[in-house]
Every structure is written in structure tokens, then in C-alpha cells.
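Me: I would like to learn how to read the features of a two-chain model, beginning with its sheet. Could you take me through them in order?

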Amino acid sequence: MIRIALLLLAFFALTGARDPILVPEVSQHEVKVRQGFTGTELLLFGAILDPAGTRAARGYDVVVVLKGPSEPIRLREKSKIGGMWLNAASTDFRSAPSFFAVAASRPVKDIVDERTAAIYEFGTDFIQLSPTGEIDPAEQARFTSGLVDLKRRQGLYEEDMHGVKISGQVLYQARIALPSNVQTGTYTAETFAVTNGRVVASAIAEVEVKKVGFERFVEVFAQRQAFFYGLLAVSLSIAMGWMAGRLFALI
Amino acid sequence: MDVYLPIANLSVNGLVIVLLGALTGVLSGLFGVGGGFLTTPLLIFYGVPPTVAAASASTQVTGASVSGVLAHNRRGGVDYRMGAVTIAGGMIGSGIGALLFRFFQSIGQIDTVISILYVVMLGAIGTLMAREAWGTLRADKKGERPRAAKRRHHPLVAALPGRWRFYRSGLYISPLAPLILGALVGILTMLMGVGGGFMLVPAMLYILGMSAGVVVGTSLFNILFVTMVTTMMHALTTKAVDLVLAALLLLGSVSGAQIGTQMAQKVKPEMLRLILAVIVLLIALRMLWGLGVRPDEIYTVTPL
């Protein structure tokens with residue numbers, strides 16, 4: 001035990017000497033989707049510390065990436081065929097995040113080169129979607145930008161190049177809005193400290209988005225008891241129609 | 001008033017949905033159509049996923065037609081025998097519709113099919129209704145009474161084998177005709193998320209030649225059952241019925257239907273038909289625009 005502790009100490013003392021430590025935190029680790037949910041704002045904040053414990057003297061940039069659960073999707077593209085807009089070409093992505101937001105303290109292109117940005121997914125242009133099938137780079141780029149544009153207008157992909165505020169070179173904070181149409185699941189918030197074009201520290205925090213109460217009940221009911229759910233829907237509509245008929249007959 | 005829809009996965013303004021329901025309810029009370037043809041596109045336009053919109057709209061139409069059926073029943077305006085035949089057809093039709101839906105979904109053309117159906121059906125019916133209503137209104141203004149149209153069923157109907165008596169409809173025809181008609185409407189109900197009243201009413205009048213007094217009641221009776229089956233089908237296959245969305249729509253439409261019924265007694269029926277025709281044509285044009293000029297979205301996402 002002591003040996004391990006010593007080893008760890010030595011590790012930090014020798015290798016970690018130059019690199020800062022990130023201490024990230026999220027304002028809420030659990031987002032509850034219930035009646036009246038109109039979206040929420042996540043505050044991702046934390047501190048960048050020098051291993052020595054003194055305040056970090058060098059200038060750091062901070063990039064925050066919040067990602068929702070990924071899913072395999074098929075993206076279809078409409079083209080005009082015989083005077084009509086039809087779905088023609090399509091491509092599959094194995095891991096399209098249902099939500100993706102990037103916030104940085106400065107525009108990413110001023111912080112790191114494109115290769116680093118692509119590795120760490122610093123921006124909606126760099127989302128690793130894992131396309132499948134034959135890959136023609138030009139076509140792939142067209143599909144990717146189509147998907148990003150669609151998701152951005154739905155409020156599900158965001159980029160804020162001035163979204164991270166750093167105060168006193170120690171504390172950082174970023175606000176990311178989650179719209180009401182977010183998918184439930186585990187979201188990961190990754191924070192990166194960047195200096196001289198190099199990512200020097202990173203840390204992950206998780207946020208759980210889940211339906212609770214009545215909303216969860218309805219979803220589970222519809223999935224597991226489809227027949228009775230359908231019956232309930234039908235009887236609800238008949239009851240409401242009948243009641244309205246009776247009520248208005250009285251007036 | 002923000003309401004979160006648990007199946008559609010998004011938050012909407014509840015008041016807007018109730019008003020939308022009320023609008024379609026008024027239409028259904030005025031014209032005896034379900035109003036689903038208006039609800040589904042407007043919900044999609046509002047951001048509700050298309051499948052959820054179609055499924056929940058069919059639930060709404062059930063509610064809107066209940067009070068109508070009750071009202072028509074009181075004055076003997078429902079031919080239950082004819083209704084039973086069209087419903088049997090409707091059940092077969094919605095089964096076929098569900099298969100077609102899945103097929104078109106798998107080849108990625110379901111939204112195109114829905115748009116084309118809307119344009120063709122609404123365009124044709126809107127034009128027919130507008131012409132007929134306009135003609136009657138003009139004739140009225142000139143002071144001449146239009147000749148009472150001779151009630152006859154289509155020659156094709158007479159060619160079908162086997163004949164049943166439908167007393168209330170005043171018909172002695174093959175039950176295959178209403179069965180096929182019901183099946184066609186059932187397919188469209190499943191695909192378009194509409195009750196099919198706007199197709200059934202003219203078809204009963206002009207193809208089957210039913211007596212006008214029982215057309216609306218029998219059509220509503222058919223719609224009531226077919227939408228019930230459609231809701232069940234959606235609940236079992238697509239799992240896209242949103243109870244909260246349906247309840248909001250119902251709240252608006254059941255009260256709207258009553259208001260519509262009251263209004264219907266104060267306005268000239270030809271005027272009503274002309275207004276309905278214009279609404280129907282506008283929706284058809286809007287769909288045609290999306291199909292031929294500029295689609296709402298070039299890219300669409302389907303989960304694998």
C-alpha cells in the first residue's frame with residue numbers, strides 16, 4: 001500500500017511536474033426530465049491547478065466538450081428527380097452523438113492546429129461520426145455538414161468559441177444550454193486545458209439525463225405494455241368525446 | 001404554458017396544441033370531417049416527429065367523432081350495416097397500410113409517399129368541392145334552383161357480384177363495393193394519419209350513391225372505429241402514440257367540435273363547403289411546394 005502510494009507520488013513528482021491538474025465540476029449531475037421541462041442550462045466549472053498547488057501562472061485555454069449518447073443513424077439526402085424532391089443518396093454513421101456542444105475560451109483555430117482539434121473533437125466540424133460503407137471524402141463532407149446543419153437548427157449541436165470564462169488563470173466556467181428535445185442517457189462533459197497548442201490536461205465529468213415521474217411512467221408504459229397503452233389512449237379519447245357531448249348538451 | 005411530451009421527446013406550448021385541436025374540432029363539427037388532415041401537417045410543422053404526429057392525430061380523431069356519432073345516432077343518421085361493412089374493410093386496409101408504411105420506411109420514401117398522397121387526395125377533393133359549391137352559390141345568386149342531382153351509384157359498383165340490402169342508405173348493392181372503399185380509406189388512414197372522412201363522404205355520395213341523410217353519420221361511425229384500430233396499430237408497432245399530446249389535442253377538438261356543430265346551423269352549407277375546399281386546397285399546395293419546389297429539409301435522420 002505504502003509502496004503504491006510512494007510510486008504514485010513519484011509519478012506525479014516526476015512526470016506531472018509541468019502539467020497542471022484539472023478539477024472539473026458540473027452544476028447538476030442529474031437532469032430530471034419531468035412535466036414542464038423546457039430545457040436547462042448546465043454550468044461546467046472548475047479549477048486549473050499547478051501541481052505545486054500555487055496558482056497557475058502560465059496562460060491556459062480551456063475547451064469544454066459536452067456529448068450526449070451516440071447512436072447509429074442513417075442520413076438521407078433529398079435530390080430533385082424528375083421534378084420531385086425524393087430521398088436519393090444516403091449514408092450511415094455508426095456513432096452520431098445525439099447532443100454535441102463545444103465551448104472554448106478563444107476560437108479553437110487560435111488555440112490548436114487542425115489535427116489536434118480533430119483528435120479531441122474541438123468543434124462541430126470535427127465530430128467523429130464513424131461513417132460506414134464506401135467513403136468518398138467529398139461526399140462524406142457534404143453529408144457531415146448536412147447533418148451538423150440540421151442538428152444545429154434543432155439546437156442539438158452547438159459551438160461557442162467564447163463560451164468559457166477564465167478568471168485569475170485558475171477558475172473557469174462555461175454555460176451550455178440543453179434544449180427540451182434532448183435525448184435521455186449519460187452525457188459526458190470533457191474539459192481540456194490547452195497551452196502552446198498542446199492539450200496538457202483533461203478531465204471527465206458525467207451528467208445523467210433521465211425522465212422521472214409521470215413522463216418516465218408514460219414512456220415505459222408505451223414500450224412495455226403497448227396493448228394496454230393503446231387501449232388507454234382509445235378509451236381516453238372516447239371518454240373525452242362523450243363527456244364533451246354531454247357537457248355541451250347541458251349548455 | 002409549457003408541456004413536455006414524453007413520447008415525442010420535446011416541450012411544446014400546451015395552449016398552441018389545444019388551439020390547434022380546437023381549430024380541427026371546429027372543422028369537424030362544421031363539415032363532418034375528422035380534421036386529421038390538418039392536425040398532422042401542422043404538428044409536423046411545429047416540430048413534432050412525423051410518426052408521433054400521425055399516431056396521436058388518429059387518437060384525436062376518435063374523440064372528435066364520438067360526439068358526432070352520438071348526435072347523428074339520435075336522429076337515425078347512421079346506417080350500421082353499411083358502417084359495419086366499411087369498418088371490416090377499414091380493418092383490412094389499416095393492416096395493409098401498416099405493412100406499406102413499414103415498406104416505404106425501409107426504402108426511405110415514406111415522407112415522399114405521404115406528401116404525394118396529400119397532394120393528390122386533397123387536390124382532387126378540394127377542386128371537386130370548390131367547383132360544386134361555387135356552382136351552387138352562383139346559381140343561388142341568379143335565383144334559379146339547381147336541378148336536384150340524380151342519385152345513382154357508379155356503374156362499376158353495379159358490376160360487382162352479390163347484392164345486399166342497405167335499408168337506411170336506400171341501396172341494393174354488392175357489399176364488396178363498400179368493403180373495398182373502406183379498405184382504401186383504411187390504408188390512407190394508416191399512411192396519412194387522417195380519419196379519411198374527407199374522402200369517405202364524397203365517395204359514399206358519388207360512388208356508392210347513399211342517401212345524403214345518412215352519409216355524414218355513417219362516415220363518422222366508420223372513422224370512429226378505424227381510428228381506434230389505427231391507434232392500437234400505432235401503439236403496438238410504432239409505439240408513437242403520445243398520450244399527453246393526444247389529451248391536449250382532444251381537449252381542444254372535443255369542445256371545438258361542439259362549437260362547430262352550433263356554427264354549422266347558422267351558415268349556408270354551400271359557403272361552408274367552399275371554405276373547406278379552400279382550406280383543403282391550400283394544404284395541398286403547401287405540400288406540393290415541399291415536393292416540387294423546395295423541401296423543408298434536404299437531410300433527414302433515421303435511427304438504425
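Reply: Let us begin with a definition: two strands pair if DSSP finds at least two bridges between them. The model is predicted. By that criterion, there is an open sheet of 3 strands with antiparallel pairing and the order S6(A)-S5(A)-S5(B).

Me: Which strands stand at the edges of this sheet, and why is one side of each left without a neighbour?

Reply: The edge strands are S6 (84-97) of chain A and S5 of chain B; each has a single partner strand, so one side of each lacks a neighbour in the sheet. Ignoring direction, neighbouring strands of this sheet are turned by 25° against each other on average.

Me: How many bridges join S5(A) and S6(A), and how many join S5 of chain A and S5(B)?

Reply: S5(A) and S6(A) pair in the antiparallel sense over 10 bridges. One of the residues to inspect is A:Leu75, whose bridge partner in S6(A) is A:Thr91. Across the chain boundary, strand S5 (residues 70-81) of chain A pairs with S5(B), also in the antiparallel sense, over 5 bridges. There, A:Arg76 stands opposite B:Thr300 of S5(B).

Me: Which helix lies across these strands?

Reply: Helix H4 (residues 137-153) of chain A lies across S5 and S6 of chain A together with S5 of chain B. Its direction is at about 105° to S5(A).

Me: How many residues of each chain are in contact with the other chain?

Reply: Contact here requires C-beta atoms, placed from the backbone, within 7 Å. On that basis, 44 residues of chain B are in contact with 47 residues of chain A. The elements of chain B that each supply at least two residues to the side touching chain A are strand S1 (2-5), strand S2 (10-13), helix H3 (50-74), helix H9 (212-236), helix H10 (243-264), helix H11 (269-292) and strand S5 (299-303). The residues of that side of chain B divide into 25 nonpolar, 16 polar and 3 charged.

Me: How should I read the packing of H6 of chain A and H3(B)?

Reply: Two packed helices are described by the angle between their axes and the distance between the axes. Helix H6 (residues 226-250) of chain A and H3(B) pack at an angle of about 40°, and their axes are 8 Å apart. H6(A) and H3(B) are therefore oblique to each other. Their crossing is right-handed. On the side of H6(A), the contact includes A:Ala233, A:Ser237, A:Gly241 and A:Trp242, while H3(B) contributes residues including B:Thr59, B:Gly63, B:Val66 and B:Leu70. The residues of this contact divide into 9 nonpolar, 8 polar and no charged.

Me: How does the same reading apply within chain B, to H5(B) and H11(B)?

Reply: Helix H5 (residues 110-142) of chain B and H11(B) pack at an angle of about 150°, with 7 Å between their axes. That angle makes H5(B) roughly antiparallel to H11(B). The crossing of H5(B) and H11(B) is left-handed. Their contact is made up of 21 nonpolar, 5 polar and 2 charged residues.

Me: How many residues of H2 of chain B are buried?

Reply: Burial means that 20 or more other C-beta atoms lie within 10 Å of a residue's own. In helix H2 (residues 36-46) of chain B, 8 of the 11 residues are buried, so the helix is largely enclosed by the rest of the structure. Among the buried residues of H2(B) are B:Phe37, B:Leu38, B:Pro41, B:Leu43 and B:Ile44. H2(B) is followed by B:Gly47, which has a positive phi near 110°.

Me: Which residue other than glycine has a positive phi in the loop between H9 and H10 of chain B, and is A:Ser130 exposed or buried?

Reply: In chain B, the loop between H9 and H10 holds B:Lys239, whose phi is positive, near 50°. B:Lys239 counts as partly exposed because it has 18 C-beta neighbours inside 10 Å. A:Ser130, in the loop between helix H3 (114-120) and H4 of chain A, is not a glycine either and has a positive phi of about 45°. With 12 C-beta neighbours inside 10 Å, A:Ser130 counts as exposed.

Me: Where does A:Val170 lie?

Reply: A:Val170 is in the loop between strand S9 (164-167) and strand S10 (171-178) of chain A. It is partly exposed, with 17 other C-beta atoms within 10 Å. The C-alpha atoms of A:Val170 and A:Phe227 are separated by 57 Å, and the two are 57 residues apart along the chain.

How values were computed: Residues are numbered from 1 along each chain as its sequence is written. Chains are lettered from A and ligands numbered from 1 in the order in which they are written. This is a predicted model: local features need pLDDT of at least 70, side-chain atom pairs count only at pLDDT 80 or more; totals for chains, interfaces and linings use all residues. Two residues are in contact if their C-beta atoms, placed from the backbone, lie within 7 Å. Helices (H or I, at least four residues) and strands (E, at least two) are DSSP runs, numbered from the N terminus. Ala, Val, Leu, Ile, Met, Phe, Trp, Tyr, Cys and Pro count as nonpolar, Asp, Glu, Lys and Arg as charged, and the others, Gly among them, as polar. Axes are lines fitted to C-alpha atoms, for helices over the stretch in contact, and angles run from 0 to 180 degrees between N-to-C directions. Angles under 35 degrees count as roughly parallel, over 145 as roughly antiparallel, 65 to 115 as roughly perpendicular and the rest as oblique. A crossing is left-handed if the near helix is turned anticlockwise from the far one by less than a right angle, and right-handed if clockwise.
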